[in-house]
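Hi,

Here's the structure I promised to pass on to you. Have a look at it first, and then read my notes underneath.

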Amino acid sequence: MEAVCDGEEPEVVTQACLLSEFSEKGEARALINSLPDIHHDPVSREATIEKFVVIMDRYQEQPHLLDPHLEWMLNILLEMIRNEKSPPLMVHLCFKFLYIISKVRGYKIFMQLFPHEVSDVLPVLDLLCRQDPKDTETWETRYILLLWLSMTCLIPFDLSRLDGHLSTDPGLNRESIMDRILAVAKSFLRVSDKSRDAASVLVSKFVTRPDVKLKRLGDFLDWCLTTISQTSEITMEGTVTLDGALQSLAQLFKHGKRDDFLQYAPTVLQCLNQKRIAESNQATLRKLGVKVVQRLGLTFLKPRLAKWRYQRGSRSLAVNLAQSSVTGSVEATKTDLESVSQEEDYDIPEDVENIIEQLLVGLKDKETIVRWSSAKGIGRVTGRLPKQLADEVVESVLECFSFQETDNAWHGGCLAFAELGRRGLLLPSRLSDVVPLIIRALTYDEKRGACSLGSNVRDAACYVCWAFARAYEPSELKPYVNQIASALVIATVFDRNITCRKAASVNILSPQGTFPHGIDIVTAADYFTVGNVNNCYLTISVYIAGFEEYTKSLIDHLVHMKVNHWDGVIRELATKALHNLTAQAPEYMANTVLPQLLPMATGLDLHRRHGAILACAEITHALYEIATQKNRLHPIHDITGVSESFTVQSNKTDTQLLPFYTLIWFSLVFFFSVCGLIEKLSLSKMPFKDDPVITGWQWLIDDSLKNLHLFSSGARRGIQDSALSALAALCRQYYQVEPGVANVEMQDQLVSQYLSALMSPEVLTRCGCALALGSLPPFMIRGKLQKILPGLQAACKVVQKAESQTEARRDAATAMSQVCVAVGVCAQGSPDRVLCEGNIRPVYEALLGCMNDYSMDSRGDVGAWVRAAAMSSLMDVTLLVVASAPELLSSDLVQRMMCCLVQQAAEKIDRYRAHAGTVFLRLLHSIDPAVPHIPHREELLSIFPPETGNSLNWNAASQAFPHITQLLRLHQYQYHTLLGLTVSVGGLTESTVRYSSQSLFEYLKGIQQDATVLQQFGDTLLCIFRDNLRNDRVSVPLLKMVDQILANGCFDHPFCVELLALCKEEIKKSKDVQKLLSCVAVFCGMVQFKGDVRQKVLVQLLMLLCHPFPVVSPLALVLCPRFNSDSIVSLGESDIATVRTHRNQLCDWLGLPRPILVTKVTHLGN
C-alpha cells in the first residue's frame, strides 16, 4: 500500500492455488485397487475412504481436471461390482467411491459415463430391487444405481421388447419392465436420503421416453398430484414425500416436451394453488414449489426468443473480434429497439399472471434459496413475454425496493434485476429507475436488536453491478458510472462485512475500463487487502480519497452512515478515518462536516452522539495538525487558506461546543468519547486556558477515574485509558505557566487528590488514581516526588484485609515506573525532583516486595498480576538508571532483582514464566550500557547466549526448563531457581510437571558423583522447606517433589534426618488431606534408609495408620512385601479401636514402641 501511495509500483508476490492436472492419479488408482484387500477391516476401510475423500476434495473448484480419468476409475470400480465373487460389503464400498467421484464432478457429467447397453437394464434393476431402502449405511449404493438406471433408460428400444413372453404366456405372473422401474422410482421418491434426488432424475429420463409417456405419463402425474394433495407436511415423513413428488414434477416439466405437458399444466397449477406450498414452513418445499411454478410458466408460454431484448454483441468471441475491425459493428449486432414496432401477436394464458405473481411473492421469501429460485424464474418467464408485459414485470420488481419492505424483499429484488439484466430483459430506458435503487442497496443496513440486517442485500447489489457491467455497452452506463463507482468504492472500504467488501472490490475494474481510476484503485484495494477492516478504513480509504471523484463521497458516507453506526468498533474506525481523510479536504471538513457533526453531538440518538463527539475530536485535531504544517511551511503571521478556515472554525467551535459539555458530563455512556474529545482539543491547543470549561474537563476526568466501578467490565479499561490520555494532554496544554513550570495550585490539588484516593476502600478508584499519578507530565511531578513515591510504595504493600486490593497494587507498581521514567535520573539530584541516590532504594524495595505477592482469591493466583507489573517496572527503571547513572545500582539490589526474575522464570504459569524470562534476558543482554553487578554474568551468557533471546520459547516447558535447571549450579541463583522449580515439579499441569521434573533429575544425575555439590543442593532444599514451613503454596509441591527425588535414590542418610523433622512439623495438627498423603509418600520413600531414620519413619507411619483420614493405602503399599496385605487393607474397614489394636500388634512385630494415646486434660475454672 505504501508503495502504491508513493507512486511506485509495488512488488506483488502471490501463491497460485490453481491445479494443472490430476496429480494424485497414481495414489487414487492404488486406493481403488486396494479395495479387495481392505474391505473386511473397518479401520483400513475408513482410512482408505478418508484418503480418497481428501484427494477428491482438492478438485472441488476445478472438477474438469478429473475428466480424462473418470472413465478408468469407473471401469475399475464397475469391474469389481460386476464380479460375482465380490462380497456385498466390497460392492457397497465400490459404490461409495463412485458417489465420492460423482459428488466432486457432478452427477450430470458423471452419469453419462455409465454403460447403458440393453444388457445392462435388467442387472441394474435387479440389483436396485435387492437394496434395503431403510439401510442408512448403503444409501450411496442406491443413489448410484438410480443414476445408472437413469442412463440405461435412454436405450432407443421399446421396453416391451425386454419383457419376453410376458404378454403371450398367461401362466407367467410377472411385472413389465416399465412397471417395475416406475414402482422403484415411486418407492425411492419417498425415502429421506440422497436417493430421493436420484429418483427424480430417473423419473425425468424414464417417463419422458416416447413409449412410456404414451402409457404412463398421465397416470404418473395423477399419482404425483394425489400424493401432494393427500400428504401433510406436519410430519417428517410427509415432508419427505412432498419433496420427492415436487422434485419429480420439476424435473418432468424441465426435461419434457412442451406439447406433451401443456394439457396437464393447468391441473398441476390448480393442485399447487390448493395445496398452498408457498405458505409451507419448510424452505425446501417452498423452493421446489417455485421451481415447479416457473416450469409451468415456461410450459404455458411458447419457447421463443424475445425480439425486443437488449443485445450486446454475440456470444461467440471470434465473431466479436471479427466485427470489432468493422466500422459500426456494434450497431450491427444490436437490435434496433425503435424499429420493432410490432411483435408477433399471440395470446398469453391467464394462468401466467398467477405464476408471475407467485414468483414475485417468492422474491420476498425469508429464505435465500427460495428468493434465488424465484429470481431465476422471473428471468426465464420474462424472456418469453411481450415487451409491454415484461416492462410490467420490471415495474413490479421495483416495488420490492420500498422502505416499507423488509431486507428479504430488497435482496430478492436485487437478484431479480441481476437476472433480468444478464438476460438482456432490462432495457436501458429502465436504468434511470434501477440504478438509484441499486446504489441505495449497496449501503442498505437496518439495525435489528443487537445486530443489523442487510449484508445479503449489499452482496446482491454487488452482483447486480457485476451483471450490468457485462450486459450493457459502456455508452449505456456512462451517465451512471460515477454514481456506481462511488458506491462500490464506499462498499469496498467501509462495509462492515468482509464478503461485501470483497464482492465490491471485484467490481471496481469493469470490463469496459470506464471506472474512474479503476486500475489504480483495484491495485490498492484488491480482493485480499480489503480483508482487514482496519486497513480499509485507515489506509486504503486515504489512498482512494486522493482521487477527487471519491473524496467527498467517502467523507459524506462516514458522516451520515458510519458515525452513527450501531457497532461501536465501526464508529471509532469511522472517526479515525475522518482524521486521516481531513488532509484530503481540510476546507470541506472545516466548513461543511464540522457544522453537521456539532448538532449530532447533542442529539437524542446515543450512537449518533457518541460517534459525533469522537468525530469532532478527530477532525479538530487533524485540522490543527494541518495548520501547524502550514505554519512551518509559511512562517508568517497572516496565514491564508487552510489555516484561516481552521481559525474561523475554531472560534465557532468554542461557542458551539461549550453548551453540550455540561449536558454530556452527566451521561456515563459518553465518558469514553468525551475524554477523547478533551484529549484531542488539548492536543489541538484550543484557546481555553484559564477558561471555566477546563474545570469541568478536570472534573469529568477525575469522576471517570474515581467511578470506574460503575462501568461494565468490558468498557472499564477503555474509559480508564481514555481518561488517562486526556489527563496527560490537559496538563501539558493548560497547567503550564511556562514551559516546564507547573501551575502550583493545580499541581497541589491534583497530587494531593490522587494520593488521598490511594487509600480509598474502592479498589478501582485506587487503580485509576494510581495510574493518574503515573500519567502526569514531568513538570507536574517535580517538586512532589517525595510525596508521590511513598504514596505509591504504600499502595504496593500487601495488607491483610478481607477485601483484596490486588488490582490496586498492580497499577501502583506500574505507576511507580512511569513516574520514575517521567522525572528521569540524576545521581546527585534532589529527591523531590528526580530519581537519585536518596530515593532509589525504596523504589526497588517496593518493586521487589511486589515480586513476592502470591495473593489468591476465587479468581486464582491474582498476585501474578502484581508480579508481572513489578517485573516490567523493574526492567524500565533499571534500564533508565543504567543509561544515566549506573552507579546508583548497588550489587545487592541487582542480585535480588535477578534472583527474583529467575524464580519467576522457573515457576509453573506459562504466561508469567515467559514474561519473567523475557525481562531476565533483556537485562542480561543489555550492552549499551550493560547492567552492572549481575552475578555470574559470564556463566549466564554461556547458558543464554544473545541469540537465545529470539529463539527460546519460554511458554514451552520443553524449551524453558532445560535452560532454567542449569542455573542450579550457580550458587547465588540456586535457592531461587529451586524455589521456582519446586512449584513446577510439584504442580498439577502435566506438561509442566513432566518437563520440569525431567530437567531436574537430569541435573541431579549429573551431580551424583560430586558429594559436595549434592550436599549443597540438599541443604538448599531443606532451607526452602524451613523458610516455607506451613506455607501450603510451597510446602505441598515440595513434598511431592521430594517424593520423586527419594524414589530416584538421590540422597543419603544425613539429609533425611532433618527432612523427617520438618515433615513432622509440617503435618502437625494438619487436616489437609493432600498434604497428609504427600507427607506419607515422603515417609514411605525414607523407609529405604537404615538405622534410626527407618525406625522413626515407621513410627510416624504407624501413628498415621490411626489417623481419622483415609491414609491407609500408601502405608499398606510399603508394608505389603513383609506382612499380610489382606489383613492390612482390611484395617481401613474397621473402627478406630480395632485399627489401634492391629497397629500395636504391628509395632510388636517390628520391635517398635507402641504409640501412647495422649489424654486431653480439661482444666475447670474455680
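Let's start with the outside: the chain has an accessible surface of about 54500 Å², and 52% of that belongs to carbon and sulfur atoms. Keep in mind while you browse that this is a predicted model.

Now the overall build. You'll find 59 helices and four strands in the chain. It runs to 1166 residues, and 52% of them count as buried. If you take the contacts between residues at least 6 apart in sequence, 72% of them join residues at least 24 apart.

Next, a few spots to click on.

Try S722 to begin with. It sits in helix α37, which covers residues 713–734. Is S722 buried or exposed? The cut-off for buried is under 20% relative accessible area, and S722 has 8%, so it counts as buried. What does S722 touch, once you skip residues up to four places away in sequence? The answer is F672, C675 and G676.

Then go to P777, in the loop between α39 (763–775) and α40 (778–781). P777 has a relative accessible area of 1%, so this one is buried as well. Leaving out neighbours within four places in sequence, P777 is in contact with A728, C731 and R732. There's also a nice pair to look up here: P777 and L730 are 47 residues apart in sequence, while their C-alpha atoms are 9.8 Å apart in space.

Q974 is another one for your list. You'll see it in helix α50, residues 971–985. Its relative accessibility is 2%, which means that Q974 counts as buried. Again setting aside residues up to four places away in sequence, Q974 touches L967, L968, Y1003, Q1016, F1017 and T1020.

Finally, back to the surface. Which residues gather in a patch of negative charge there? They are E350, E353, E357 and E392. Helix α19 (residues 350–362) gives the largest share of this patch, with three residues. E353 is a good one to zoom in on, and its place is in helix α19. Exposed means over 50% relative accessible area, and E353 comes in at 62%, so it counts as exposed.

That's what I've got so far. Shout if you get lost in there!

Cheers

Key. Residues numbered from 1 in each chain as written. Predicted model: local features only at pLDDT ≥ 70, side-chain atom pairs only at ≥ 80, totals over all residues. Heavy atoms only, no water. Helix = DSSP H or I, 4+ residues; strand = E, 2+ residues; numbered from the N terminus. Buried < 20%, exposed > 50% of the residue type's maximum accessible area, 1.4 Å probe, protein only. Contact = heavy atoms within 4.5 Å. Patch = residues over 30% accessible without salt bridge, like charges linked within 9 Å, V, L, I, M, F, W, Y side chains within 5 Å. Areas by Shrake-Rupley, 256 points an atom, 1.4 Å probe, with all protein chains shown as cover. Salt bridge = Lys/Arg side-chain N within 4 Å of Asp/Glu carboxyl O. Lys, Arg positive; Asp, Glu negative; His and termini not counted. Charge placed at Lys NZ, Arg CZ, Asp CG, Glu CD.
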